[in-house]
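Reader: Pick one small spot in this model and give me a close look at it, please. After that, zoom out and show me the parts and copies around it.

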Protein chains: 4
Amino acid sequence: MGKIKVAINGFGTIGKRVADAVDAQDDMEVVGVTKTGPNFGCELAIKKGFPLYCTFDNKDRIEKFAEFGYECLGGLTDLLSISDIVVDCSPGKLGEENLEKYQSAGVKYIFQGGEKHDLTGLSYTSSANHKMNLNAQGTRVVSCNTTGLSRTLVPLYEYCGSLKVECTMIRRAADPGDSSKGPINAIKPVLKVPSHHGPDVMTVKPEIEINSLAVAVPTTIMHVHSIIADLPRDHGLTTEKIIQMWRSTPRVIVMHGSDNRIKTTAEVMELARDIGRKWGDLHEIFVWEDGVKLVGDRLYYFQAIHQESDVIPENVDCIRALMGIEEDWKKSVSKTDESINKYYSIS
Amino acid sequence: MGKIKVAINGFGTIGKRVADAVDAQDDMEVVGVTKTGPNFGCELAIKKGFPLYCTFDNKDRIEKFAEFGYECLGGLTDLLSISDIVVDCSPGKLGEENLEKYQSAGVKYIFQGGEKHDLTGLSYTSSANHKMNLNAQGTRVVSCNTTGLSRTLVPLYEYCGSLKVECTMIRRAADPGDSSKGPINAIKPVLKVPSHHGPDVMTVKPEIEINSLAVAVPTTIMHVHSIIADLPRDHGLTTEKIIQMWRSTPRVIVMHGSDNRIKTTAEVMELARDIGRKWGDLHEIFVWEDGVKLVGDRLYYFQAIHQESDVIPENVDCIRALMGIEEDWKKSVSKTDESINKYYSIS
Amino acid sequence: MGKIKVAINGFGTIGKRVADAVDAQDDMEVVGVTKTGPNFGCELAIKKGFPLYCTFDNKDRIEKFAEFGYECLGGLTDLLSISDIVVDCSPGKLGEENLEKYQSAGVKYIFQGGEKHDLTGLSYTSSANHKMNLNAQGTRVVSCNTTGLSRTLVPLYEYCGSLKVECTMIRRAADPGDSSKGPINAIKPVLKVPSHHGPDVMTVKPEIEINSLAVAVPTTIMHVHSIIADLPRDHGLTTEKIIQMWRSTPRVIVMHGSDNRIKTTAEVMELARDIGRKWGDLHEIFVWEDGVKLVGDRLYYFQAIHQESDVIPENVDCIRALMGIEEDWKKSVSKTDESINKYYSIS
Amino acid sequence: MGKIKVAINGFGTIGKRVADAVDAQDDMEVVGVTKTGPNFGCELAIKKGFPLYCTFDNKDRIEKFAEFGYECLGGLTDLLSISDIVVDCSPGKLGEENLEKYQSAGVKYIFQGGEKHDLTGLSYTSSANHKMNLNAQGTRVVSCNTTGLSRTLVPLYEYCGSLKVECTMIRRAADPGDSSKGPINAIKPVLKVPSHHGPDVMTVKPEIEINSLAVAVPTTIMHVHSIIADLPRDHGLTTEKIIQMWRSTPRVIVMHGSDNRIKTTAEVMELARDIGRKWGDLHEIFVWEDGVKLVGDRLYYFQAIHQESDVIPENVDCIRALMGIEEDWKKSVSKTDESINKYYSIS
């Protein structure tokens with residue numbers, strides 16, 4: 001069997017990263033990426049050797065690329081016609097419109113967490129429900145926050161058999177490359193209470209009871225989750241056992257903050273830059289070891305989420321799930337992560 | 001009976017505000033404030049007409065003030081000798097040393113929340129335990145965070161008879177006039193889990209079960225509390241009833257964020273500046289009406305705390321408690337607040 | 001002669017402050033302030049006792065106020081009919097439209113620096129051109145930045161007879177009560193080079209040659225100007241003489257940063273809060289004494305501008321200029337400032 | 001001839017980057033890096049395959065590394081004994097002490113801009129004075145700011161024959177991985193006026209007259225320079241010619257801010273992340289094309305400096321200069337940059 005042919009619809013913050021991660025795998029390839037016009041990101045696509053298509057099928061728009069010296073191979077329909085699956089990384093609110101196009105073209109499709117669960121009726125995160133997504137026609141990779149919560153909560157749930165969770169999300173207000181959003185000096189509570197973030201975990205793991213509150217704060221680099229999880233009685237766990245559990249969980253990094261002087265998200269991102277993935281990304285969820293504490297049946301912990309990148313490897317696994325080529329989520333995760341890390345190993 | 005003679009030991013962020021608030025009352029007066037030397041704050045004391053003393057009894061240090069044109073009337077001991085009660089607003093870690101001085105001088109004393117409960121064995125917040133502090137020799141006004149929690153939780157507890165609370169504190173990293181502390185672009189979890197903040201409520205209201213987690217974020221103007229409170233079954237409350245309860249609670253402001261465009265702590269502090277108290281202070285705890293939600297027995301809400309000033313009126317009430325001149329906390333609170341507001345009424 | 005009857009059209013950030021400052025004077029009074037509708041600022045107007053009018057003459061809009069419990073006395077036209085002069089504090093871009101209304105009503109008018117000089121053909125700042133504005137029908141009080149530059153440059157020019165200036169403006173990105181603007185973590189150059197800020201000084205003092213560059217930075221509390229001024233040869237000045245000149249200049253504060261630990265704009269604003277004007281305002285321009293240095297004929301210095309308030313007293317002086325009741329700008333400035341300071345003297 | 005054997009003394013922010021850049025070249029190799037103890041950076045050195053040494057010659061300290069599982073090959077003296085040249089990337093204030101060690105060991109040495117020019121009596125930047133540094137025993141690569149100024153000013157000087165410059169430096173307050181420094185919400189002027197930054201350019205190009213003023217602002221990602229350069233009369237330049245000059249200058253990027261939506265340093269750093277160098281570094285100085293303007297003989301422009309990395313390629317060129325293996329600075333620059341870019345080409 002040949003490689004899976006992957007289209008990336010939208011080559012922005014998420015799209016460029018998914019394309020890079022797909023490119024690092026040996027069982028799939030990027031057959032094209034779309035841009036709305038001949039603007040800045042085209043440079044990057046060309047440099048990487050990704051075939052460039054226009055988000056629209058409009059002939060004028062397609063020809064516009066040539067004026068700026070970029071070869072545009074056609075519209076979205078042309079791209080879909082040579083693809084097995086499309087990863088939708090377009091900005092929000094285009095879901096319904098795009099869904100129709102994907103269905104017409106007969107390709108499989110993956111949406112991102114900016115779309116609602118109802119659009120596809122199915123959601124995905126590697127550790128929670130890979131199997132449920134096997135061979136499905138389309139699905140949605142959940143948001144960075146939901147992915148982060150799944151990473152640490154699913155193994156806990158699997159061990160305990162039940163879990164009741166409250167999470168306060170302290171969210172970055174804007175991405176690092178976005179200079180238009182504030183606030184500069186304020187804390188902004190999300191006044192929809194409870195917020196939608198936590199319950200979204202239930203789209204991939206309905207057995208976990210969870211609610212959340214959210215505030216936005218003046219930082220650009222990571223979200224932090226302050227989590228309280230009520231375990232069932234006779235859970236048999238200790239703080240130390242839970243830490244061990246997460247240490248052996250894929251895509252979770254557990255480190256001692258005080259010993260390693262990783263006091264804040266600034267030092268976590270600096271650690272990520274040392275790892276050397278492109279854009280200084282951190283695909284893993286970072287848990288402060290000395291911030292984990294089990295008091296009776298109630299577990300307290302903090303985790304940090306790199307909002308731009310933690311969902312990237314999930315998209316790769318998700319492609320394998322929909323295409324039905326790897327039933328075991330752990331095998332897919334290993335393959336994805338090893339390929340990505342080898343890809344960047346030179347640095 | 002004459003006015004209560006109040007000494008303010010330490011005329012900094014808290015001291016200058018307590019002096020102002022005492023000065024606004026008709027049953028007490030500022031007989032002196034202390035400074036460590038002839039530095040900037042002296043100007044303010046002179047302008048306000050507060051007699052100036054030196055924090056130390058050292059003759060050289062006392063004489064130093066004259067060199068800079070400030071009249072210094074003596075050392076701390078001199079001040080204590082003419083005082084009924086001292087409000088200790090010195091920087092942290094001097095508690096034990098100062099306690100001895102106050103006891104030697106035979107004056108009553110009030111410490112601030114920077115000191116531990118153990119120093120005095122007694123703590124104070126107006127709504128929680130005014131009566132317990134009546135005629136005591138000394139006590140501690142709890143911190144801004146603990147005061148804020150007491151304001152909204154105590155009435156809830158009194159209504160329900162039991163309460164189990166979890167609070168995530170999103171704390172300002174530095175005060176507005178402090179330019180040396182960071183972080184500029186990061187979130188910093190407090191890795192002592194649970195943190196000491198929440199449980200401090202139990203020093204004034206031991207019946208409330210409470211734990212807390214805390215993070216510091218890059219803002220200077222307010223703390224925000226994200227709170228989950230479990231009410232007992234058959235509590236008979238509704239979201240609306242709880243909002244009404246807080247509306248009639250002293251020193252709590254409940255406002256609709258969306259309707260009034262009070263989206264963040266920035267707008268809350270702007271509201272405070274309009275009120276017109278000195279330094280733009282907000283003595284009240286701000287609760288976003290549309291952020292309150294009772295789901296079954298679990299109550300969710302957000303509140304904002306002006307860390308520089310919410311404890312100021314509590315210090316005035318506390319003086320009345322220790323001096324035994326007002327048994328009813330609500331009467332003291334009314335008197336304190338009306339006096340302060342009249343004091344600033346011109347603007 | 002009775003008091004000058006002043007209308008304030010627009011009761012927002014600037015309007016509420018001008019109203020307060022006018023209210024503090026004995027030769028003028030606020031006969032009314034306008035709001036677009038029964039929203040938050042009405043509370044403040046009522047509390048202060050300022051008659052409330054609607055920005056529009058529309059009957060429905062006027063009646064709307066009553067629904068929310070506010071007494072609205074009429075529309076803008078009604079207000080203008082009982083006024084001698086109107087201070088236009090409406091948001092930008094309404095200048096032309098409003099100008100017509102003021103001219104129809106036959107009242108004198110003062111616009112703010114958000115409007116262009118061309119609108120009125122005349123601009124104002126107390127120290128630069130009070131006399132030129134005497135008895136004029138209308139004028140424009142220049143922006144906070146231009147006002148700040150005039151305060152320190154005009155006396156220097158008057159002494160030297162010529163001056164060539166370059167200024168880099170490091171501007172706050174958003175006001176403290178505005179949480180929607182960024183950037184959170186970036187520096188934003190104003191790419192129109194040179195910027196319009198510096199040359200605006202020439203609308204009040206055409207003899208000063210000046211250019212400027214501007215950047216916006218993630219802070220909310222003050223602008224800082226980094227200034228280079230080339231004096232003519234044989235100027236006869238020294239660093240010390242220049243400092244003395246500014247010490248005796250109204251509305252300029254010169255303080256030693258290192259000695260007084262006023263390291264940044266954070267400490268400058270804290271100093272302002274101690275002064276005790278409402279909203280913690282600082283009407284004066286702050287110059288760091290140890291940041292002033294004359295090297296040959298080139299003068300280097302830094303100054304800080306409280307963008308929300310430095311123009312407030314200028315508006316009061318400007319009213320006197322247009323009404324022709326005080327020819328001497330220094331006398332007006334003294335009267336304005338003493339009245340304001342007495343008004344807040346209780347604190 | 002074999003490869004130049006390079007020691008890196010200090011494997012922190014600068015050291016790790018220099019090591020990476022040296023490793024990318026074919027005419028030099030990293031023979032060892034030093035750490036003070038078995039702390040976090042060791043991991044990175046091991047992963048990269050750089051031999052690890054201890055900053056000290058102390059036997060206990062050297063053995064300590066093994067306890068944590070790191071192989072430490074000896075002390076600094078051991079490392080120097082196998083090196084041709086050492087790049088000193090230790091924290092400031094150790095210069096004098098280290099200089100003695102390097103001289104005793106008979107190796108050539110390169111200090112960083114944190115040390116003063118007097119330490120070595122010679123300074124370096126590729127475009128300014130490569131030739132002067134040929135075969136020297138030791139030198140100092142100037143700071144990130146001085147390097148940035150040299151990049152754009154030296155070609156301008158070479159064309160014009162004289163240049164008088166004033167620069168206001170708007171500096172980041174802390175590096176992205178440093179969460180302890182503030183200010184959070186303030187602007188901090190450097191009260192030493194003029195500041196030392198600009199004149200440092202004269203250590204590499206004494207013919208350029210330059211002064212500077214500096215302020216620190218609450219951002220972590222880049223410095224911005226606001227520059228005024230007075231050209232001699234009859235310079236024959238235009239805004240467009242100057243832009244063309246910089247376009248053909250190595251390590252300068254000129255881009256149109258408005259067209260490319262690169263409004264602030266946030267977008268500049270995002271562009272750098274897309275380029276794909278490790279840590280998201282930007283070795284080039286970024287000039288906003290639409291912020292360049294020649295008015296008469298006075299040139300105005302803005303440039304942005306990535307403080308963590310612009311000096312990295314200069315260190316590589318500097319090694320070649322001291323070792324006398326490449327006389328032509330442009331050839332060295334080409335070789336350095338091509339090697340680095342090829343090194344990261346996969347991504």
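**A loop residue and its surroundings**

Author: Ile325(A) is found in the loop between α12 and α13 of chain A; helices here are DSSP runs of H or I with at least four residues, strands are runs of E with at least two, and both are numbered from the N terminus. Keep in mind that this is a predicted model, in which local features need pLDDT of at least 70 and side-chain atom pairs count only at pLDDT 80 or more, while totals for chains, interfaces and linings use all residues. Residues are numbered from 1 along each chain as its sequence is written, and chains are lettered from A and ligands numbered from 1 in the order in which they are written.

Is Ile325(A) buried or exposed? It sits in between: with 15 other C-beta atoms within 10 Å, Ile325(A) counts as partly exposed. The cut-offs are 20 or more other C-beta atoms within 10 Å for buried and 12 or fewer for exposed, with partly exposed in between and C-beta atoms placed from the backbone. Setting aside neighbours within four places in sequence, Ile325(A) is in contact with Asp27(A) and Arg320(A), a contact being two C-beta atoms, placed from the backbone, within 7 Å. There's a long-range partner to look at too: Leu134(A) is 191 residues away along the chain, yet its C-alpha is 8.5 Å from that of Ile325(A).

Now zoom out to the domains. Chain A is assigned domain 1 (4–142 + 311–343) and domain 2 (144–305), with bounds that come from an automatic or database domain assignment. Their C-alpha centres lie 26 Å apart. Where they touch, domain 1 of chain A puts in 19 residues and domain 2 of chain A 17. On the domain 1 side, α1 (13–23), β6 (123–124), α7 (126–133), α12 (312–323) and α13 (329–343) of chain A each supply at least two residues. That side has seven nonpolar, seven polar and five charged residues. For these classes, Ala, Val, Leu, Ile, Met, Phe, Trp, Tyr, Cys and Pro are nonpolar, Asp, Glu, Lys and Arg are charged, and the others, Gly among them, are polar.

Next, the copies. Chain A and chain B each give 36 residues to their contact. Elements of chain A that put two or more residues into it include β8 (164–172), β10 (209–217), β11 (223–230) and α11 (265–275). Sorted by class, the chain A side has 21 nonpolar, 10 polar and five charged residues. A turn of 180 degrees and a shift of 0.0 Å along the axis lay chain A on chain B with an RMSD of 0.0 Å; the fit is by least squares on C-alpha atoms of residues with pLDDT of at least 70 in both copies. That's the relation of a two-fold axis. Pro218(A) has the C-alpha of chain A nearest the axis, at 3.0 Å. Both copies use the same surface, as 100% of the contact residues of chain A recur in chain B.

How many residues does chain D bring to chain B? Each of the two chains brings 15. On the chain D side they divide into seven nonpolar, six polar and two charged. Chain D also superposes on chain B by a rotation of 180 degrees with 0.0 Å of shift (RMSD 0.0 Å), and here Gly182(D) has the C-alpha of chain D nearest the axis, 2.0 Å from it.

Let's finish inside chain D. Seven strands make an open, parallel sheet in the order β3-β2-β1-β4-β5-β7-β6, where strands pair if DSSP finds at least two bridges between them. Its edges are β3 (52–54) and β6 (123–124) of chain D, each paired on one side only. Elsewhere in chain D, eight of the nine residues of strand β8 (residues 164–172) are buried, so β8(D) is largely enclosed by the rest of the structure. Nine bridges tie β8(D) to the parallel strand β10 (residues 209–217) of chain D, with Glu166(D) partnered by Asn211(D). Strand β11 (residues 223–230) of chain D pairs with β8(D) in the antiparallel sense over seven bridges, and there Thr168(D) stands opposite Ser226(D).
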